[in-house]
Amino acid sequence: MKNMLPLFLLLLLFHSTGQAQSAPDFKELLDSALVRDADLKMQLTKNKVTSLDQQKLKDIFLPTLEASGMAGYMNATAHLISPEINLQPFLDIPQGKYNNNLNISGFSALAKADAKMLLYSGGKVRQLGKALEEKKQSEAALLEKSQDEVVAVLSRAYDQLALVHQSKRVLDEGKKRLDANKKTADKALGYGLITPYDHKKIELAQATLDAKLAEYEGKKELLLTQLEVLTGVSRERLRMIEPVLNPIIPPAPQKTIEDRAELRALEHGIRASDFKVKAEKTWWIPKVQLMASAYYLGLYGSRWKTSDNIIPPIPSIGYPGRKLDWRPASLNVFPILRAGVGFQWAIFDGREGQRAIQLALVDREVLLNQKEDALRKLTLNRANNQSGYDIANAQIPLKGKEKELAQNALIQAEKEFRYGMAKSMQLVEAESDLEAAELEYQNALFNQRRAAIELMRSTQELDIKKLY
């Protein structure tokens, strides 16, 4: 068993290396692009705000508890004037006879705890909750639109890479034919069957083809860089891709323009604005709240004193009177409790509630206008995409026929050149015509695929299974 373990690990390493070096398919590229796309990540981040708003709205009915406190030195003076006291024949004190100042000083402490809980919001919280739910669905629809845009961008780059690959194949086949014809031209020049000028035409055609091959390498590297940036897949694996262009046949549409993500997002936005209007209309309904408080009051190291006597003198018995000068160690009052149900009723708010309703109605009107405008534009876009697809689809058999004619013309030109019945110019022209016809055919396939993708997107029916 111990001897088998290194062998097993070696096989596992080879298996993992083989998997890592395999060519990625389009689905893998798309999954990577969706994860890396900056716009999608930004939109997902913004969508979190709506989820947080929903949670915040749910938490509004949770009780809240606040504690506060204060400590410091206190010095307060109260001016006291005695009222009239008439208890004849025993006591008669006219008003204002005693004019006294009461001073309280010392260190004070105050602590308070408040608990509150909303019982009834007048229906505003419920309506705002529905508005946020519609907003979330609107954002989900826009996210779907953004994902389709990522598919379209990646598909275009992938098809461009396929177009470049097919162009390379066309150029390689042309190079093989020119190399074979160059050998024939060399023999013909040796026998004096063609002129040096005719021989140079073959060499010029080869040089032109070499320049096109160099141009191909530049385009290929650019596309590999684009795909690497979009997906994060290594260039080594991307180089292994050998895509082929095939026509896309879109299925019969099962949806309408109204199913487009933009219109669905606007529809959810309009519903959200309806709930927002209903929420603002609750401004006049009383809000009910449960409240409870607990207080603590303390006074430490204090001194209570007056500027004059608080007990008047009694001359008949020789009593001189007495001022207040009290130094209690501490005074504490706890608990001071208060609990009950309170309400807030905005009977007149300076028309603030009415303005909020009008603003919500204006927002709704803006969304209605945007939906109407988007419906017109998307309807025109659908018709334009259908026309573009029909035209692009019709080009494929036409370009295929042109390629077939160019192939036959080149075969004929090669035969005539070998037997000395045609000049090298005719051979080079036939070779150039075939190359152009084959490239035009590949371009027709590329354009047809682009038109088919846009046609499927026009009714929000883009299916990657139909692409590759």
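**Close-up views of a predicted model**

**View 1. Ser108 sits in strand β4.** In this predicted model, Ser108 has a relative accessibility of 17%, so it counts as buried. Look around this serine and you will find Met70, Ala71, Gly72, Met74, Gly298 and Leu299 in contact with it, leaving aside residues up to four places away in sequence.

**View 2. Strands β1 and β4 run side by side as an antiparallel pair.** Strand β1 covers residues 64-81, strand β4 covers residues 99-120, and 18 bridges join the two. One place to find your bearings is Thr77, which stands opposite Asn103 in β4. How many of the 18 residues of β1 are buried? The count is zero, and the strand is hardly covered.

**View 3. Arg303 in strand β5 meets two other stretches of the chain.** Strand β5 spans residues 287-311. At 24% relative accessibility, Arg303 is above the 20% limit for buried residues, so it counts as partly exposed. Its contacts beyond four places in sequence are Asn103, Ile104 and Ser105, together with Asp325, Trp326 and Arg327. The side chains of Arg303 and Asp325 share a polar contact of 3.0 Å. Ser105 is 198 residues away from Arg303 along the chain, yet their C-alpha atoms are separated by 5.4 Å.

**View 4. Phe26, Tyr158 and Tyr468 make up one aromatic cluster.** The whole structure holds six aromatic pairs. One of them joins Phe26 and Tyr158 edge-to-face, with 5.4 Å between the centres and 70° between the planes. This pair links helix α2 (residues 26-36), home of Phe26, to helix α4 (residues 124-190), home of Tyr158, across 132 residues of chain. Phe26 also pairs with Tyr468, this time tilted, at 4.3 Å centre to centre and 35° between the planes. Tyr468 lies in the segment after α9 (424-457), so its pair with Phe26 ties together parts that are 442 residues apart in sequence. Buried or partly exposed: which describes each ring of the tilted pair? Phe26 is buried, with a relative accessible area of 4%, whereas Tyr468 is partly exposed at 38%.

**View 5. Two charged side chains lie over aromatic rings.** Here Lys403 places its charged end over the ring of Tyr441, 4.3 Å from the centre. Arg450 lies over the face of Phe446, and the distance to the ring centre is 5.1 Å.

**View 6. Helix α7 is largely enclosed by the rest of the structure.** This helix, residues 261-280, reaches 28 Å from its first C-alpha to its last, close to the 28 Å expected. Why call it enclosed? Because 14 of its 20 residues are buried.

Terms used. Residues are numbered from 1 along each chain as its sequence is written. This is a predicted model: local features need pLDDT of at least 70, side-chain atom pairs count only at pLDDT 80 or more; totals for chains, interfaces and linings use all residues. Side-chain values use heavy atoms; hydrogens and water are left out. Helices (H or I, at least four residues) and strands (E, at least two) are DSSP runs, numbered from the N terminus. Buried means under 20% relative accessible area, exposed over 50%, partly exposed in between (1.4 Å probe, protein chains only). Contact means heavy atoms within 4.5 Å. A polar contact is a pair of N or O atoms within 3.5 Å; within protein, one must be able to donate a hydrogen and the other to accept it, and residues adjacent in sequence count only if both atoms are side-chain atoms. Two strands pair if DSSP finds at least two bridges between them. The expected span of a helix is 1.5 Å times one less than its number of residues. Rings of Phe, Tyr and Trp (its six-membered ring) pair if their centres lie within 6.5 Å; planes under 30 degrees apart count as stacked, over 60 as edge-to-face and the rest as tilted. A charge sits over a ring if NZ of Lys or CZ of Arg is within 6 Å of the ring centre and within 35 degrees of the ring normal.
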